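Thanks for coming. I will go through one structure this morning, helix by helix and strand by strand, and I will keep it short. Please have the model up on your screen.

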Amino acid sequence: MNRHDNNAGSMGIPSDDGWDFSMQLPNVVEALPELAEAVETFGQQAGWTDAIVMQVNLVLEELVVNAITNGYPDGREGHIDVRIKTTAEAVHIRITDDGNAFDPFTVAAPDLSLAVEDRPIGGLGIYLVRSYMDYCGYQYIRQRNQVSLTKRLPLSV
């Protein structure tokens, strides 16, 4: 079940310490390939499946682009922090930025019953984020956007 709520303590999301992966990016889309490569390497070392690596990278790309587009519409410099904690049960992700307050989960879900040419632009990326993640939360704390995500991992047999 996918959820959007503002309780960052849900789903066992780590506190500010204890992250396995941490990367700070400038708020430019040109930083995305470096993030994707670093996450792929980290995911492989952590034992994620190729599907999990692809899903996490897609989610990160969508949310970082949203942060850049909506948080820095004036083009000012800023920073986006990506942190990941992985356990045998789940992948926990936290994305924080110093841009304007923007809750990406307020974007309405797209009407998938409409033909592609009849759908308004936007919303599909957040729909995919919600589809791939088991928990999605947003908070605006100390003038920083904070998106918290959890993806449950399949149990090994």
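Which residues are exposed on the other side of α1? They are P33, E34, E37 and Q45. Before I get to the side they are opposite to, a word on what you are looking at: this is a predicted model. The mean pLDDT of the chain is 84, and 77% of the residues reach 70 or more. Residues 1-11 are another matter, since pLDDT stays under 50 over that stretch. The model still has 34 contacts beyond four places in sequence for residues 1-11.

Back to the helix. α1 covers residues 32-46, which is 15 residues. From the first C-alpha to the last it reaches 21 Å, close to the 21 Å expected at 1.5 Å a residue. The buried residues of α1 are L32, L35, V39, F42 and G43. These buried residues sit on the same side of α1 because they cover an arc of only 100° around the axis. The general background is that an α-helix has 3.6 residues a turn, so residues three or four places apart point the same way.

What covers the buried residues of α1? The cover includes β2, residues 21-26, then α2, residues 50-71, and β3, residues 79-86. Just after the helix, G47 takes a positive phi of about 85°.

One residue of α2 is worth a stop, namely N57. N57 counts as buried because its relative accessible area is 14%, under the 20% cut-off. If we leave aside neighbours within four places in sequence, N57 is in contact with L35, A36, V39 and E40. Two of those names, L35 and V39, you have already heard among the buried residues of α1. For a distance, take N57 and G43: their C-alpha atoms are separated by 9.8 Å, and the two residues are 14 apart along the chain.

Now the salt bridges. How many does a search of the whole structure find? It finds four, and I will go through some of them.

Start with D20 and K85, whose side chains meet at 3.5 Å, N to O. This pair links distant parts of the chain, 65 residues apart: D20 is in the loop between β1, residues 4-5, and β2, while K85 is in strand β3. Both ends are partly exposed, D20 with a relative accessible area of 39% and K85 at 23%.

Next come D81 and R144, which meet in a salt bridge at 2.9 Å, N to O. D81 is in strand β3 and R144 is in strand β6, residues 144-152, so here too the pair links distant parts of the chain, 63 residues apart. Is D81 buried or exposed? D81 is buried, at 16% relative accessible area, whereas R144 is partly exposed at 26%.

Then there is R152 with D134, where the closest N and O atoms are 3.7 Å apart. R152 is in strand β6, and D134 is in the loop between α3, residues 124-132, and β5, residues 135-141. They are 18 residues apart. R152 is partly exposed, with a relative accessible area of 44%, and D134 counts as buried at 16%.

That brings us to β6 itself. The strand is mostly covered, with seven of its nine residues buried. Which strands are joined to β6? One is β4, residues 90-97, with eight bridges to β6, and another is β5, with seven. β4 and β6 run antiparallel, and β5 and β6 also run antiparallel.

If you want to find the register on your screen, D97 stands opposite N145 in β6. On the β5 side, G137 stands opposite S148 in β6. β5 and β6 form a hairpin with two residues between them. In that turn, R142 has a positive phi of about 50°.

To recap two points: α1 has its buried residues on the same side, and β6 is joined by bridges to β4 and to β5. Keep residues 1-11 apart in your mind, as pLDDT is under 50 there. I will take questions now.

Technical notes
Residues are numbered from 1 along each chain as its sequence is written. This is a predicted model: local features need pLDDT of at least 70, side-chain atom pairs count only at pLDDT 80 or more; totals for chains, interfaces and linings use all residues. Side-chain values use heavy atoms; hydrogens and water are left out. Helices (H or I, at least four residues) and strands (E, at least two) are DSSP runs, numbered from the N terminus. The expected span of a helix is 1.5 Å times one less than its number of residues. Buried means under 20% relative accessible area, exposed over 50%, partly exposed in between (1.4 Å probe, protein chains only). The arc is that of the directions from the helix axis to the C-beta atoms. Contact means heavy atoms within 4.5 Å. pLDDT is the predictor's confidence in each residue, from 0 to 100. Two strands pair if DSSP finds at least two bridges between them.
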